[in-house]
Structures are given as structure tokens and as C-alpha cells.
Amino acid sequence: MTSSRLQTSLCGIALRNPVLAASGTFGYGLEFAHLVDLNALGGIVTKGLSREPMAGNPAPRLWEATAGMINSVGLQNVGVREFVEQKLPKLAVFQVPVFANVFGYCGEDYLEVIRILESHPGLAGYELNVSCPNTRHGGIYFSSDPQLLAELVQGVRAIAKRPFIVKLSPNVARIEPLAKAAEEAGADAISLVNTFVSLAIDARTRQPRIGAGFGGLSGSAIKPIALRMVYEAAKAVKIPVVGLGGIASGEDATEFLIAGAQAVQVGTANFWNPQAPVKIAHELDEFLRDEKIGNVRELIGTLQFRR
Ligand SMILES: Cc1cc2nc3c(=O)[nH]c(=O)nc-3n(C[C@H](O)[C@H](O)[C@H](O)COP(=O)(O)O)c2cc1C
């Protein structure tokens, strides 16, 4: 979706529009190329990549909740080496900025994945999924401890020449200390939210609906909480904020921009319509046209609280 009204940038990267496909909901992008014009997207964030391939969690992995979805895919992926050898060269034919989503279970895991990605062309930048337990620190989540998060981000900053986004978890009491820790440690941007830890129970079997037990809640159900957290994070930092959580329409995207996001991502909506990000960008453009707004950047952070 191209229109001068939608043209923007993120961490110095020109974006055709501010609507990106979110990690884990759009494969490596390639799987969607026969369904969607990838060049019409603002960007693609790949499925999370780890040092070694991962088989993921036991089935069932998905449960449809009221106005949302619970998943525990378990970060199944081909591993960074297969990604750079098999997927990245094929992505290079498209003119869409691609961000590689990276995760690990200790600082060195992240650094090794970034080192490998750094030595290959074809990526716009990275997104660090920090919603993982640090197994070297008693399983404390990087995303819940400002000090652990800062150490990780500093390590990545020291080796990454490309810009990177730190994707924060909403499973914390206050988001501001985490957002600030990422900024001070050198992140180029932050994105939020990842999924909310949740539990669905089958009353008859008295078992969790998800094979692994708990799962992450996404979709429309989380949008109001995501909006609140994006607003809080955007107030706390100067670096760009990328907003996501339940976006399914142009109006939803507009709300995140007004809350302070510079760009948005679309996740769960891709499950029922793989063209959702393109549709959302189109609707956003119509909103701008109807409201006589020259460029989408004019919306960012314009929320007005009633006195
Ligand atoms: C099936 C599934 C897999 C996901 N995998 C990842 C992942 O690998 N890395 C990541 O950072 N986020 C992952 N997420 C989180 C999404 O990118 C997004 O943050 C979250 O779903 C909220 O946005 P939404 O409500 O638009 O889906 C996944 C979400 C879903 C539903």
C-alpha cells in the first residue's frame, strides 16, 4: 500500500506505510508471497530465530478465546543458519524491509544469532524478543528485570551495525522502567506488546486447553491494555515506539499512533485474513484522507486527555 500520506520511517529505514506484519504470525514472509503482495507491506518481522533449530511445544498449540487467541507454539523455528542460507536469499527479491526477530535463553544465544545475521545482506534490522527466561539467571525473564534487560541490550548494541527494536512483554506491573532500560542501553526502538500469559481450562477434562499448560493471549481482547502500555512507554522514552496488540482495522492502527506509536504491527488478524496488514494500511490511508491529514506522522502522540 503506497500513498504519500502513509510514507514514514523507522530508525532511519524508509517505510512505504507504517503497518508491519508481526513476528510469529507471518512465517518468514515467503510462505505468504502467493497470498499477499509483500511489497505492499510496511515491513515484515520474521518468526523468532534461535541459535539452533527448535521443534516447539506439544499440541494443542492454539485455542480460540473470547475475542482473542491463546498460543503456545514454543518458538518453533528452523534456526538462524538455515534462515540465512534458505530463506533470506529468497526474501531479497522483495522490496520490503525485513526485521529478523531474535530470541535466546542467555545473552550469548542472542549475540551468536546476531553475529550470524550481521554477516549476511538483506535485512533492515532486528527485533529482540526478550520475553524469554534467562536460564543462566534462575529463569528470570529478560523482559521483567531492567538490569538483565540492559545487559542484554548493551551486548547487542556492541555488535549490531543494523538498527534493532527491543520487543517488550506486557507481563509486568510497570512498563516504564523496562522501556527506559532498553533506551539507555542503546536500543533504536521498542515494540510492545507481546502476548499476555494466560490459561484456558477444559472443565470436563480439568486440563489446560493448551498442551504446554499456559499460553499467550493475543487479538482484540488485549487491545485496550496494549494501548495503555504503548501510551505509557511512549511517554517514558524518546526512541520510537512500535505498537501492537489486537490491531485488526485502520481505526485500530490509528488509535495506536495517537497513543504515541510511530508504526504498528499486525499479528493475530493475519490468521483470519493474510491480507490484513495491507487492508489496514488502506483503511488508515482512507482515514487520513477523510480527516484531511497530510501525513501519518501528524497523528503520532496526539492523544488529548479531558481535563
Ligand atoms: C502464533 C503466534 C506466534 C508468535 N510468535 C512470536 C515470536 O516468535 N516472537 C515474538 O516476538 N512474538 C511472537 N508472537 C507475538 C506477536 O508477534 C504479537 O506480539 C502478539 O500476538 C500481539 O499482537 P496481536 O494481538 O496483533 O497478535 C506470536 C504470536 C502468535 C499469535
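**Helix packing, ligand surroundings and unusual backbone geometry**

Let me start with helix 4 and helix 5, which are oblique to each other. Please keep in mind throughout that this is a predicted model. In the usual way, two packed helices are described by the angle between their axes and by the distance between those axes. For helix 4, residues 176-184, and helix 5, residues 223-236, the axes come within 9 Å and cross at roughly 45 degrees; angles under 35 degrees count as roughly parallel and those from 65 to 115 as roughly perpendicular, with the rest, apart from angles over 145, taken as oblique, which is why this pair gets that description. The crossing of helix 4 and helix 5 is right-handed. As for the residues involved, helix 4 brings Glu 176, Ala 179, Lys 180 and Glu 183 to the contact, where they meet Glu 232, Ala 233 and Ala 236 of helix 5. Sorted by class, the contact of helix 4 with helix 5 has four charged residues and three nonpolar ones, with no polar residue.

Moving back along the chain, helix 3 and helix 4 pack with their axes 8 Å apart, at an angle of about 25 degrees, and these two helices are therefore roughly parallel to each other. Their crossing is again one that I would ask you to note as right-handed. On the helix 3 side we find Pro 146, Leu 149, Ala 150 and Val 153, and these meet Pro 177, Leu 178, Ala 181 and Ala 182 in helix 4. In this contact of helix 3 with helix 4, eight residues are nonpolar, and there are no polar and no charged ones.

The next pair is helix 2, residues 107-118, with helix 3, residues 146-159, whose axes come within 10 Å and cross at roughly 20 degrees. That angle makes helix 2 roughly parallel to helix 3, and the crossing of helix 2 and helix 3 is right-handed. Here Gly 107, Tyr 110, Leu 111, Ile 114, Arg 115 and Glu 118 of helix 2 meet Leu 152, Gly 155, Val 156 and Ile 159 of helix 3. The contact of helix 2 with helix 3 divides into six nonpolar, two polar and two charged residues.

Let me now turn to the ligand. Which of the 24 residues around the ligand come nearest? They are Ser 23, Lys 167, Gly 219, Gly 246 and Thr 268. Looking at backbone atoms, we have a backbone N or O atom of Gly 48 lying 3.2 Å from an oxygen atom of the ligand. For Val 193, a backbone N or O atom lies 3.0 Å from a ligand oxygen atom, and for Gly 267 the distance from a backbone N or O atom to an oxygen atom of the ligand is 3.0 Å.

Val 193 takes me to the backbone geometry. Most peptide bonds are trans, and most residues other than glycine have a negative phi. Nevertheless, Leu 192 and Val 193 are joined by a cis peptide bond, with omega about 20 degrees, and Val 193 itself sits in the loop between strand 12 (189-192) and strand 13 (196-198). A cis peptide bond also joins Ala 59 and Pro 60, where omega is about -10 degrees; Pro 60 lies in the loop between strand 4 (43-45) and strand 5 (62-65). Finally, Cys 11, in the loop between strand 1 (8-10) and strand 2 (13-15), has phi near 50 degrees, a positive value in a residue other than glycine.

Definitions and conventions:
Residues numbered from 1 in each chain as written. Predicted model: local features only at pLDDT ≥ 70, side-chain atom pairs only at ≥ 80, totals over all residues. Heavy atoms only, no water. Axes fitted to C-alpha atoms, helices over the stretch in contact; angles between N-to-C directions. Helix = DSSP H or I, 4+ residues; strand = E, 2+ residues; numbered from the N terminus. Left-handed = near helix turned anticlockwise from the far one by under 90°. Contact = heavy atoms within 4.5 Å. Nonpolar A, V, L, I, M, F, W, Y, C, P; charged D, E, K, R; others polar. Near = heavy atom within 4 Å. Polar contact = N/O pair within 3.5 Å; in protein donor to acceptor, adjacent residues only side chain to side chain.
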